[in-house]
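Reader: Hey, can you walk me through this protein model? I'm new to this, so I'll just throw questions at you as they come up.

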Amino acid sequence: MKYGIYYAYWEQEWAADYKKYVEKVSKLGFDILEVGAAPLPDYTEKEISELRKCAQDNGVILTAGYGPTYEHNIGAVEPEVRAGAMEWYKRLFEVMGKLDIHKIGGAIYSYWPVDFSKADKEEDWKRSAEGIRLLAEEAKQYDIMLGMEVLNRFESHILNTAAEGVAFVKEVGMDNVKVMLDTFHMNIEEVSMGAAIREAGNLLGHFHTGECNRMVPGKGRMPWREIGEALRDIHYDGTVVMEPFVRMGGQVGSDIKVWRDISRGASEAQLDKDAADAVTFERYMFEG
C-alpha cells in the first residue's frame, strides 16, 4: 500500500501552494499528497511544470480530491449544467495528465454539499451513473481512475454505504470507475467496518482514513485492527490517504463544520508530528 494525506489538514481554503506540502509530506514519511482538484484546470503551464517537478524530485505521488460545486454536477437535472460540467472535467483531466495524477476521488458523481430539498435519489442516481460513464471515457485517455466516494447521509443521498457504492460502480460498468470508502463516513453508516470493506472487495480503488471526529488515525476509537484485517483479506494494495480536519476557520472549516479547535491549539510543528505518528501507526495496523 501507498500512504498519503490530504493537504487541507494544514490549510483553511480549498486551494494552496501544493509544492510546500509535497516537500513537507516527503519529510514526514508519506508516499502521497492528495491535492484539491478545484484550482487545477486554471493552472498555467509554468505552475503545472513546477508542481510536477517538485513531486518527482521529492518522490511523492499526487492524487486529487474534489467535492464538486453544483455547476460541476455531472448528474444535474439541467442538460446545460451537465454539459458545462463535462467541459470543466475535460480541462481538469488534461491538467491531471500533465501532472501525472492518476486518481481522483470524491462526490464526483454529484455535487457537495447537497441541497436535500431537491434530492430525488432514484432519478439522481440514474443521471449520475450516465454522467460518470461519459466522464470515465474522457478520463481513460489519461489513465485516470475515478473514485466514487461513499458519503454519510448528512452530506449526500446517492451513495451512503459500501453496498450502494458497489451497485453503482457495477451499473456504470467502466474499468476505471471504482468504489472509494472513507472510515469517517463508514463509522456513521456501516453496521460493520470490516464487512463493508469486504463488500467492496476488488472494486475498492481508493481508501480515506480518519477518526470518528476527523482527527488523525490513532487518536480516537476507530477499530483500526478490524479495518486492517479486512484490507488484508481483500488483498488491498492501493492508496490509503488520511483526511483529517482539526482546525476551525476559512472555507474548509465552514464546509466541514469544524466548530471547535479539535487540534487543541496545536502548532504546525505539532500537526506535523501527529501526521508522522499517524502514518507510522497506519503502516503497523494495515500491514500486519
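Reader: Is Asp274 buried or exposed?
Author: Keep in mind that this is a predicted model. Asp274 counts as buried because its relative accessibility is 13%, and the cut-off for buried is under 20%.

Reader: Where is Asp274 in the fold?
Author: Asp274 belongs to helix α10, which covers residues 268-287.

Reader: And which residues does Asp274 touch?
Author: Leaving out residues up to four places away in sequence, Asp274 touches Tyr9, Val216 and Lys219.

Reader: OK, new topic. How many residues does helix α4 have?
Author: Helix α4 has 20 residues, numbers 121-140. From first C-alpha to last, α4 reaches 27 Å, close to the 28 Å expected at 1.5 Å a residue.

Reader: Which residues of α4 are buried?
Author: They are Asp124, Trp125, Arg127, Ser128, Ala129, Gly131, Ile132, Leu135, Ala136 and Ala139.

Reader: Why would residues three or four places apart point the same way in a helix?
Author: An α-helix has 3.6 residues a turn, so residues at that spacing point the same way. In α4, the buried residues include Ser128, Ile132, Leu135 and Ala139.

Reader: What covers the buried residues of α4?
Author: The cover includes two helices, α3 (79-99) and α5 (162-172), along with the strands β5 (145-149) and β6 (177-182).

Reader: Can we zoom in on one residue of that helix? What is the relative accessible area of Ala129?
Author: Ala129, which sits in helix α4, has a relative accessible area of 1%, so it is buried.

Reader: What does Ala129 touch?
Author: Not counting residues up to four places away in sequence, Ala129 touches Phe168, Glu171 and Val172.

Reader: And how far apart are Ala129 and Thr183?
Author: They are 54 residues apart in sequence. In space, C-alpha to C-alpha, Ala129 and Thr183 are 24 Å apart.

Reader: You brought up α3 as part of the cover. Is Ala83 buried, exposed or partly exposed?
Author: Ala83 lies in helix α3. Ala83 is partly exposed, because its relative accessible area is 42% and that class runs between 20% and 50%.

Reader: How far is Ala83 from Gly97?
Author: Ala83 and Gly97 are 14 residues apart in sequence, and their C-alpha atoms are 21 Å apart in space.

Reader: Let's do holes. How much space lies in the largest pocket?
Author: About 430 Å³. There are 27 residues lining the largest pocket, and the closest to its centre are Tyr6, Trp14, Tyr66, Gly67 and Trp112.

Reader: Which elements give two or more residues to that lining?
Author: Three strands and a helix do: β2 (32-36), β3 (61-66), β4 (103-106) and α9 (250-256).

Reader: How does the pocket lining divide by class?
Author: The lining of the largest pocket has 12 nonpolar, 9 polar and 6 charged residues.

Reader: What about cavities, how many of 30 Å³ or more?
Author: The structure holds 1 cavity of that size. The largest cavity has about 50 Å³ of space.

Reader: Which residues line the largest cavity?
Author: Its lining is made up of Ala8, Tyr9, Trp10, Glu11, Gln12, Phe245, Val246, Arg247 and Val252. By class that gives 6 nonpolar, 1 polar and 2 charged residues. Tyr9 also turned up earlier, as a residue that Asp274 touches.

Reader: Switching to the backbone. Which peptide bond is cis?
Author: The bond from Trp112 to Pro113 is cis, with omega near -10°. Pro113 is in the loop between β4 and α4. For background, most peptide bonds are trans.

Reader: And which residue has a positive phi of about 75°?
Author: That's Arg214, which is not a glycine. Arg214 is in the loop between β7 (204-209) and α8 (224-233). With 9% relative accessibility, Arg214 counts as buried.

Reader: What is the phi of His235?
Author: The phi of His235 is near 60°, again a positive value in a residue other than glycine. His235 is in the loop between α8 and β8 (239-242), and at 68% relative accessibility it counts as exposed.

Reader: Last one: how many disulfides are there?
Author: The count is 0 disulfides. As for the cysteines, Cys54 counts as buried at 8% relative accessibility, and Cys212 is buried with a relative accessible area of 18%.

Conventions:
Residues are numbered from 1 along each chain as its sequence is written. This is a predicted model: local features need pLDDT of at least 70, side-chain atom pairs count only at pLDDT 80 or more; totals for chains, interfaces and linings use all residues. Side-chain values use heavy atoms; hydrogens and water are left out. Helices (H or I, at least four residues) and strands (E, at least two) are DSSP runs, numbered from the N terminus. The expected span of a helix is 1.5 Å times one less than its number of residues. Buried means under 20% relative accessible area, exposed over 50%, partly exposed in between (1.4 Å probe, protein chains only). Contact means heavy atoms within 4.5 Å. On a 1 Å grid over the protein atoms alone, a cavity is a set of points where a 1.4 Å probe fits but cannot get out, and a pocket is an open set with protein on both sides within 12 Å along at least five of seven lines; lining residues have an atom within 4 Å of a point. Grid points are joined across faces, edges and corners, and a volume is the space filled by probe spheres set on the points. Ala, Val, Leu, Ile, Met, Phe, Trp, Tyr, Cys and Pro count as nonpolar, Asp, Glu, Lys and Arg as charged, and the others, Gly among them, as polar. A disulfide is a pair of cysteine sulfur atoms within 2.5 Å.
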